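Let's take a friendly walk through a few local features of this model. Keep the structure open beside you as you read.

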Amino acid sequence: MCGFVGEVNLDKDYTSRVVEANKKLYCRGPDNQSYCFVSSENKFISDTKHDLKQKSIINLAFSRLSIIDLSSAANQPMVSDDSNYALLFNGEIYNHEEIRKELLRNGINFYTSHSDSEVVLNALIFWGKKALNKFHGQFSIVFFDLRNKKIILARDRLGQKPLYFFKSEKKLIFSSTLTPLLDLLKESEKNIQIKNLIVYLDIGMIPSPNTPLENIYKVPPGSFMEFDFQSVIQKINEEKYWCVTDFVDSKDLDLDSLHQVMKQAINSRKIADVPVASFLSGGIDSSYIANELSKNDNVNTYSIRFTEKKYDESEWSRLVAQKIQSKHTEKTLDSNVSLKKVDDILSTLDEPFADSSYIPTFIMCEEISKDFKVCISGDGGDELLLGYTRYEWALNTSKKFGILKNFISYLARIAYLVYPSFLGTGRKFLILNSSFSKRFTSFYEDKKFLKFLKIKSKNYFEMHFFHKSLPKLKRMQIADFQFYLPEMMMYKVDRASMANSLEVRSPFVDHELIEKILSSNSSQYYIENKSKHILKNELENVFGTDFINRRKQGFAFPIKDFIYSKNKKNIKIQLRDLNFIDSKKISLLFLFKTKANANRIWKLYVLSKWLQINRLEA
């Protein structure tokens, strides 16, 4: 994993600042920093001495975390032998050896022994944008064709790796994260997009392609964009080369074949030229992966122990570690973590992001990175096999009341309307609604909060991620594959891990695995009140009945205690900077100490810190 920042600037009086901007990416790639520019002869020139004094319309910078092919020949920016093509590539291509063999059969020469970056470069030169369909992995890519003055920006299918860009008539700037990109903009180009902040206040983040700022965008997952820079910079093409909805079907599911794909996904992600560790929360997904890894190798596992019992799964992670005989490391976390530590962690967020589980995820990655560069996680298992409890709530709540369901729904609708916005989201009433869409979307939105703030809003989540033409189970899965997994989960994992120079690989986010599940009859992989039975059936003989039948616990941070009991005064002071929020309303959130209000305060606190760090005003 790595980080990059670059620019195409047709303004002849422009002085490049990519060297300075690249310093913001050091945590994503501490092993090597290299540079590249276009010479007066219109050729790419590598520049490892940090000297970009020569005027150039293209300036590229790269920070490398060396995982595959540790030699300097695999450093980036990677330039073709004829100096006409250049590549910035962040990620891992798990099938790079197969693609290399195919390219060799077509007469393509290689100069590295096994660099997946060189495979990506040569594949894009040989096949063009069609090469994206061959790449099996997680990636963000910027590819330059100097002969035709074209650029391709591309992102992996599930959005595991980020890619931001800013475009004007004379300028195209791109980066792995938002912060370095901002360093290359004029102050007049850094304007807050208020409508996107409203989306953040509703659902806790800003989905692709939007960002908190005007004219700055994210390449959407599974998409590429093509730009031309002949005399002005213009977007000439944008395509979605992979769309999760294309695979929805109801074919028979071959369980043996499914387990084979799962095991292949796990095995392909342990290939590295450095040692590999594994997350072990004690939940079903991470335990399944750790168990598979232990069948052929010695495993290093890591977990967090929460002092609050309702969050803690350490007894189960210890059980798994003992059974598979892993070298196990455990980190203890409680709400006594200092506000300064939390603020330091929040400073690694390049966008406002309100999921408080970012804190324990960061601390876990920080611990692992002391000894490892690569870690395998169970992220994506709940989306793949419908493991979240919200699925059962959304599907089954109205069924519980039989012939009274319409009457209960009516009462719940009335109760929701009169429920005070300053107390909470009103979800306990929404999940009794006869409308399936209202039940399901209540887990993602907080319309009561916007009403409390007197902000008008639309049903953003339902409009963008809820496909009403699909069966209910598939509808929920698609919503999570298009929103929760790429925009929440993958964002959290990427920023928390890369801030600690750690690469995280997630087998359950394998696109072939997702395609196989979505194309199958959902009744074969989802059984009511027995979620993830496909994995549990494999684990029961190893870890016991109690292990697989216990109540599901989430990976959470005790946010309510952290805010109300430990840091109320300092957080209140910080929120004074939010001039667009009525201070009396903020006081109400502190007065009524509900979990929903703690999450709302956290949402505002994260936004306030982000604005402060980036010296921006809303």
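## Where two helices meet

Start with a contact between two helices: Ile 571, Gln 574 and Leu 575 in α23 touch Ile 601, Leu 604, Tyr 605, Ser 608, Lys 609 and Gln 612 in α25. Sorted by class, this contact between α23 and α25 is made up of five nonpolar, three polar and one charged residues. Please keep in mind that what you are viewing is a predicted model.

How do the two helices sit relative to each other? Helix α23 covers residues 568–575 and helix α25 covers residues 595–613; their axes come within 9 Å and cross at roughly 55 degrees. Because of that angle, α23 counts as oblique to α25. The crossing of α23 past α25 is left-handed.

## The second largest pocket

Next, turn to the second largest pocket, which has a volume of about 640 Å³. Its lining has 34 residues, and the closest to the pocket centre are Pro 207, Ser 208, Tyr 460, His 464 and Phe 465. By class, the lining of this pocket divides into 17 nonpolar, nine polar and eight charged residues.

Which elements each supply at least two residues of this lining? They are α5 (194–203), β13 (234–240), α17 (460–465) and α18 (472–498). Among the contributors, α5 gives the most to the lining of the second largest pocket, with five residues.

## The loop after α5

The loop between α5 and β11 (216–218) is worth a look too, as Pro 209 has its place there. The peptide bond leading from Ser 208 to Pro 209 is cis, with omega near 5 degrees. You have already met Ser 208 as one of the residues closest to the centre of the second largest pocket.

Asn 215 lies in this loop between α5 and β11 as well. What is notable about the backbone of Asn 215 is its phi, near 65 degrees, a positive value in a residue other than glycine.

## A cis bond at Pro 77

Which residues does the cis peptide bond with omega of about 0 degrees join? The partners are Gln 76 and Pro 77. To find this spot in your viewer, go to the loop between β4 (58–64) and β5 (78–79), where Pro 77 is found.

## Quick recap

For your notebook: α23 and α25 cross at roughly 55 degrees, and the second largest pocket takes five lining residues from α5. Cis peptide bonds precede Pro 77 and Pro 209, and Asn 215 has a positive phi.

Technical notes:
Residues are numbered from 1 along each chain as its sequence is written. This is a predicted model: local features need pLDDT of at least 70, side-chain atom pairs count only at pLDDT 80 or more; totals for chains, interfaces and linings use all residues. Side-chain values use heavy atoms; hydrogens and water are left out. Axes are lines fitted to C-alpha atoms, for helices over the stretch in contact, and angles run from 0 to 180 degrees between N-to-C directions. Helices (H or I, at least four residues) and strands (E, at least two) are DSSP runs, numbered from the N terminus. Angles under 35 degrees count as roughly parallel, over 145 as roughly antiparallel, 65 to 115 as roughly perpendicular and the rest as oblique. A crossing is left-handed if the near helix is turned anticlockwise from the far one by less than a right angle, and right-handed if clockwise. Contact means heavy atoms within 4.5 Å. Ala, Val, Leu, Ile, Met, Phe, Trp, Tyr, Cys and Pro count as nonpolar, Asp, Glu, Lys and Arg as charged, and the others, Gly among them, as polar. On a 1 Å grid over the protein atoms alone, a cavity is a set of points where a 1.4 Å probe fits but cannot get out, and a pocket is an open set with protein on both sides within 12 Å along at least five of seven lines; lining residues have an atom within 4 Å of a point. Grid points are joined across faces, edges and corners, and a volume is the space filled by probe spheres set on the points.
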